[in-house]
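Colleague: I'd like a close look at one part of this model rather than a tour of everything. Could you take me through it slowly, and then through what surrounds it?

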Amino acid sequence: MLPSYYTVKGYGEHEIEIQKSRFIAYVERAETEEEAQEFIQKIKKENWNANHNCSAYMIGENDQIQKANDDGEPSGTAGVPILEVLKKKNLKDTVVVITRYFGGIKLGAGGLIRAYGKATSEGLNSTGIVERKLMKVMHTTIDYTMLGKVENELRSSQFILKEIHYLDKVEIETYVEESQSVTFQEWMTDLTSGQSHIQDGQLVYLEEPIN
């Protein structure tokens with residue numbers, strides 16, 4: 001699992017007009033090639049009367065799956081420019097379909113490359129990009145008498161308070177970067193004068209919007 005990576009927030013769409021042609025960007029997160037293909041086919045079905053439904057996707061921790069499709073546009077003028085924007089923005093697990101409704105004015109190869117690149121960039125910015133950080137959920141059990149102090153210190157610390165469970169004792173869940181788990185245990189032990197029980201939990205990705 002990667003310590004962190006960038007991807008899209010989720011589904012989004014955004015339309016621009018260039019020389020009377022409509023370019024509609026459809027954006028989605030896809031963690032498998034099957035998901036990406038399903039999304040592309042769904043958009044094609046919805047826009048069956050469009051002139052072109054060009055697409056690209058990047059999938060996998062090491063971007064091992066990269067595909068681009070011009071869907072009838074001149075070779076290299078649509079799918080590749082979409083893919084290049086995904087690469088430039090360093091996005092993983094992302095699929096983009098750009099639907100074009102032709103407006104009667106030919107753009108030429110250079111114009112098409114710029115148009116598909118612009119439609120992709122604006123579509124991604126409109127949808128939103130997130131950084132997914134790998135975090136360990138740490139479980140801390142303390143007496144109720146310590147709750148005020150511990151909660152206050154946690155909220156002003158580098159660690160992220162996830163949830164508090166009010167049971168026989170107080171159980172606090174905290175997001176901690178995996179590399180900081182030992183530091184957290186030492187910090188919490190010191191804060192509670194050793195009167196806390198700390199356990200490692202599961203690894204999860206925490207998403208933070210970056211635009």
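What do the buried residues of H2 pack against?

Modeller: Bear in mind that this is a predicted model. The buried residues of H2 pack against E4, E5, E6 and H3. The residues in question are Gly 79, Pro 81, Ile 82, Leu 83, Val 85 and Leu 86, which are buried in H2.

To see what that means, start with the sheet. It's an open one of 5 strands, in the order E2-E3-E6-E4-E5, and the pairing is antiparallel. The edges are taken by E2 (12-18) and E5 (65-69); each has a single partner strand, so one side of each is left without a neighbour in the sheet. From one strand to the next, the twist averages 15°. H2, which spans residues 79-88, packs on this sheet and touches E4 (52-59), E5 and E6 (94-101). Its direction makes about 35° with that of E4. H3 (residues 108-127) packs on the sheet too, touching E2, E3, E4 and E6, and its direction makes about 145° with that of E2.

Now the strands that H2 touches. E4 and E5 run antiparallel and are joined by 5 bridges. Within that pairing, Ala 56 stands opposite Ala 68 in E5. The hairpin of E4 and E5 has 5 residues between the strands, and Gly 60 there takes a positive phi near 110°. Go on past E5 and you get to the loop between E5 and H2, which is where Asp 71 sits. Asp 71 has a positive phi as well, near 45°, and it isn't a glycine. With a relative accessibility of 24%, Asp 71 counts as partly exposed.

Next, the core. The largest nonpolar core has 24 residues, and Ile 82 and Leu 86 are among those with the most contacts inside it, along with Phe 23, Val 96, Ile 98, Tyr 116 and Leu 124. H2 is one of the elements that supply at least two residues each; the others are E2, E3, E4, E6 and H3. H3 gives the most, with 5 residues. For a feel of how things meet in there, pick Ile 98: leaving out residues up to four places away in sequence, Ile 98 touches Ile 82, and also Phe 23, Ile 24, Ala 25, His 52, Asn 53, Cys 54, Tyr 116, Ala 119 and Thr 120. There's also a second, separate core of 16 residues, which includes Ile 142, Phe 184, Met 188 and Leu 191.

Then look at what comes after H2. The helix is followed by Asn 90, whose phi is positive, near 60°. Lys 92 is in the loop between H2 and E6. Is this lysine buried or exposed? Lys 92 is buried: its relative accessible area is 12%, and the cut-off for buried is under 20%. As for what is around Lys 92, its contacts, apart from neighbours within four places in sequence, are Leu 2, Tyr 5, Tyr 6, Thr 7, Met 58, Gly 60, Glu 61 and Asp 63. Gly 60 is the glycine with the positive phi in the hairpin of E4 and E5.

A lysine to set beside that one is Lys 20, in the loop between E2 and E3. Lys 20 is exposed, with a relative accessible area of 58%. Its phi is positive, about 70°, although Lys 20 is not a glycine. The hairpin here has 2 residues between E2 and E3, and Gln 19 in the turn also has a positive phi, of about 50°. E2 and E3 (residues 21-29) pair over 7 bridges in the antiparallel sense. Along that pairing, Glu 17 stands opposite Arg 22, and His 14 has Ala 25 as its bridge partner.

Last, a helix to hold up against H2. H1 (residues 33-46) has 14 residues and reaches 20 Å from its first C-alpha to its last, close to the 20 Å expected. Its buried residues include Ala 36, Phe 39, Ile 40 and Ile 43. These cover an arc of only 100° around the axis, which puts them on the same side of H1. The face turned away from that buried side carries the exposed residues Glu 34, Glu 38 and Lys 45. E3, E4 and E6 are included in what covers the buried residues of H1, while those of H2 pack against E4, E5, E6 and H3.

Note on methods:
Residues are numbered from 1 along each chain as its sequence is written. This is a predicted model: local features need pLDDT of at least 70, side-chain atom pairs count only at pLDDT 80 or more; totals for chains, interfaces and linings use all residues. Side-chain values use heavy atoms; hydrogens and water are left out. Two strands pair if DSSP finds at least two bridges between them. Helices (H or I, at least four residues) and strands (E, at least two) are DSSP runs, numbered from the N terminus. Axes are lines fitted to C-alpha atoms, for helices over the stretch in contact, and angles run from 0 to 180 degrees between N-to-C directions. Contact means heavy atoms within 4.5 Å. The expected span of a helix is 1.5 Å times one less than its number of residues. Buried means under 20% relative accessible area, exposed over 50%, partly exposed in between (1.4 Å probe, protein chains only). The arc is that of the directions from the helix axis to the C-beta atoms. A nonpolar core is a set of buried Ala, Val, Leu, Ile, Met, Phe, Trp, Tyr and Cys residues joined through side-chain atoms within 4.5 Å.
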